[in-house]
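Good morning, and thank you for coming. I should like to walk through one structure with you today, taking its cavity and pockets together with its sheets and helices.

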Amino acid sequence: MSRGTGAGYDRHITIFSPEGRLYQVEYAFKAVKACGITSIGVCGKDSVCVVTQRKVPDKLLDQTSVTHLFPITKYIGLLATGMTADARSLVQHARNEAAEFRFKMGYEIPVDYLAKRLADKSQVYTQHAYMRPLGVAAMIIGIDEELGPQLFKCDPAGHYVGYKATSAGLKEQEVVNFLEKKMKVNTQLSYDDTVQTAISALQSILLEDFKPMEIEVGVVKTEEPAFRILSTEEIDEHLTAISERD
């Protein structure tokens, strides 16, 4: 952007270019893709599932310490795609918001309200010259007492919206196209179908068969609303079921 019509407009986050674009915010979206990880969220009839890749950059690292899944409360989970350091800051803020809400109101924070609060924070980061947007797309899952399974996605610009199925990171559009075809037939997925749809979408788009240690899966169910990260044994069962089905 050093030459041409956009010259200099990517230097400051608070300045619009003549085309009406905020380049720094657009670069934050690129930072999410630059992490090289694809994440998927699928909302079923009585459950929600999020799946992401677990890439361990160094053989000496302890694999169990590398994660993109974070419990916010006992009942709400967050999947962060993008810069992990920024994600941890966002997660800390989410936990503070949830704890404060629980303390003031006397009941657990609803998923949509938490998504709104995180999006509000991200949006403020696009308005001040001394801040930068977080290079993170966050998927938030939980069970709402009135509305049932909920899946929300917040982006670096501060936009948040609920989904039946969504994706973030590398090859996001390809995954969305795949999920649109899958969900067109049946949106009322059972728990097993929800998990297996998410995992098979990831495998189909990335064209590789995963080992249980190479992916992370987080779930919430209506009858068991606590957020849970599946063990490698449980992931292995689902991977076996997918390979037998195909």
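A definition is needed before we begin: a cavity is a set of grid points where a 1.4 Å probe fits but cannot get out, and a residue counts as lining if one of its atoms lies within 4 Å of such a point. Please also bear in mind that what you see is a predicted model.

With that in place, how many cavities of 30 Å³ or more does the structure hold? There is one. The volume of the largest cavity is about 40 Å³. Its lining is made up of L90, S122, L134, V136, A138, C154, D155 and P156. By class, six of the lining residues of this largest cavity are nonpolar, one is polar and one is charged.

Let me turn to the pockets. The largest pocket has a volume of about 310 Å³. Thirteen residues line this pocket, and those nearest its centre are E108, I109, I143, D144 and E145. Which strand provides the largest share of that lining? It is β5, residues 136-144, with three residues. The lining of the largest pocket comprises eight nonpolar residues, four charged residues and one polar residue.

The second largest pocket encloses about 160 Å³ of space. Here too the lining is given by 13 residues, with R54, T64, E216, I229 and L230 lying nearest the centre. Two or more residues of this lining come from each of β9 (215-221) and α6 (232-245). Strand β9 gives the most, namely three residues. In the lining of this second pocket, seven residues are nonpolar, four are polar and two are charged.

The strands just mentioned bring us to the sheets. Strand β5 belongs to an open sheet of five strands, ordered β3-β4-β5-β6-β7 and paired in the antiparallel sense. At its edges are β3 (69-71) and β7 (160-162), each of which pairs on one side only. On average, and ignoring direction, neighbouring strands in this sheet are turned by 20° against each other. At the β3 edge, three bridges connect β3 with the antiparallel strand β4, residues 77-82. Within β4, G77 is the residue that stands opposite P71.

Strand β9, in turn, is part of an open sheet of five strands in the order β8-β1-β2-β9-β10, and the pairing there is antiparallel. Which strands form the edges of this sheet? They are β8 (165-169) and β10 (228-229), each pairing on one side only. Further in, β9 and strand β2 (residues 47-53) are antiparallel partners over seven bridges. As a point of reference in that pairing, V50 has G218 in β9 as its bridge partner.

Finally, the helices. Two packed helices are described by the angle between their axes and the distance between the axes. I shall present two pairs in those terms.

The first pair is helix α2 (residues 84-105) and helix α3 (residues 111-124), whose axes come within 10 Å and cross at roughly 130°. How should this arrangement be classed? Angles over 145 degrees count as roughly antiparallel and those from 65 to 115 as roughly perpendicular, so α2 is oblique to α3. The crossing of α2 and α3 is right-handed.

The second pair is helix α4 (residues 172-185) and helix α5 (residues 191-206). Their axes also come within 10 Å, and the crossing angle is roughly 135°. By that reasoning, α4 is therefore oblique to α5. As for handedness, α4 and α5 make a right-handed crossing.

To close, I would return to the two pockets. Strand β5 contributes three residues to the lining of the largest pocket, while β9 contributes three to that of the second largest. Thank you; I welcome your questions.

Methods. Residues numbered from 1 in each chain as written. Predicted model: local features only at pLDDT ≥ 70, side-chain atom pairs only at ≥ 80, totals over all residues. Heavy atoms only, no water. Pairing = 2+ DSSP bridges. Helix = DSSP H or I, 4+ residues; strand = E, 2+ residues; numbered from the N terminus. Axes fitted to C-alpha atoms, helices over the stretch in contact; angles between N-to-C directions. 1 Å grid on protein atoms, 1.4 Å probe; cavity = no way out; pocket = protein on both sides within 12 Å on 5 of 7 lines; lining within 4 Å. Points joined across faces, edges and corners; volume = space filled by probe spheres on them. Nonpolar A, V, L, I, M, F, W, Y, C, P; charged D, E, K, R; others polar. Parallel < 35°, antiparallel > 145°, perpendicular 65-115°, else oblique. Left-handed = near helix turned anticlockwise from the far one by under 90°.
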